[in-house]
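Have the model open beside you and turn it as you read. We will take the fold step by step.

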Amino acid sequence: MPALVGTIALPAYAILPGGGFTASERFSLSVAEAQDVSVSELASGAPVSVDGFAVTTKAEIDAAAAEAEAASWAAELAARGNGAYTTVTQQAEGDDYPWWNETPDDYGGGLSPLRYYYRECVDFVAWRLNRDAGVTSAPWKWDWGNLASGSAYAWADEWTSKGWPTSSTPVVGSVAWFPYNHVAYVQSVNGDGTVTIEEYNQNSDHSYHVRTIPVGEALYLYPPV
């Protein structure tokens, strides 16, 4: 092992005739110019550049997501054609529910013509979806059979299963869905980050109410066609 180390550490030598050693030009790094590096003038004259990196902020990501949702909704409306129900026109607030004085289920009442119990949140919203579609009497466009079940809690999943759009962005005429088994009708979308909703039975009183809530309190089920 010491001999090996010693051999590596010494420069290369050649044996002369008659004995003796001389440095071998064949293995001389100096002669071979192995340590010289030639750089092209084009390369040495090239400017040095550093790529810039832009950082996307959360606000920018949120804004892009909102724009994408708006574009998706615009495409949805465009796909609906030019019929009267392409968009929902905002109407005046007010209790136009036609069965406001019927006996609710809590007191032995029955089903409305829409086949939900009278004066429940789901029956009121189903009425509004029919009204916005231009239908205010039988044959109804929407009822329990083709809209959603009698449990408001299930409406979001049923909307999804039917391929109907839902969004965190409200539009007039959409359904405000709350995970605590309640739905309401979006009357207006306000410029301050709130929405005004109309509803029945929000306080388990089977009565009409109007509230203004922050947009983020509900999921919005867009009107079906």
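What follows is a walk from the sheet, through the cores, to one loop residue.

This is a predicted model, in which local features need pLDDT of at least 70 and side-chain atom pairs count only at pLDDT 80 or more, while totals for chains, interfaces and linings use all residues. Residues are numbered from 1 along each chain as its sequence is written, and side-chain values use heavy atoms, with hydrogens and water left out.

Start with the sheet. It is open and built from six strands (DSSP E runs of at least two residues, numbered from the N terminus), ordered 3-8-4-5-6-7 with antiparallel pairing; two strands pair if DSSP finds at least two bridges between them. At the edges sit strand 3 (166-167) and strand 7 (208-214), each pairing on one side only. Strand 5 (residues 182-189) and strand 6 (residues 194-200) share four bridges, and Val186 has Ile197 in strand 6 as its bridge partner.

Now look for the nonpolar cores, sets of buried (under 20% relative accessible area, 1.4 Å probe, protein chains only) Ala, Val, Leu, Ile, Met, Phe, Trp, Tyr and Cys residues joined through side-chain atoms within 4.5 Å. The largest has 29 residues, and Leu147, Trp155, Trp159, Val175 and Val183 make the most contacts inside it. Helix 5 (helices are DSSP H or I runs of at least four residues) gives the most to this core, seven residues.

Finally, find Lys141 in the loop between helix 5 (121-132) and helix 6 (155-161). Why is Lys141 called partly exposed? Because its relative accessibility is 33%, and partly exposed covers values between under 20% and over 50%.
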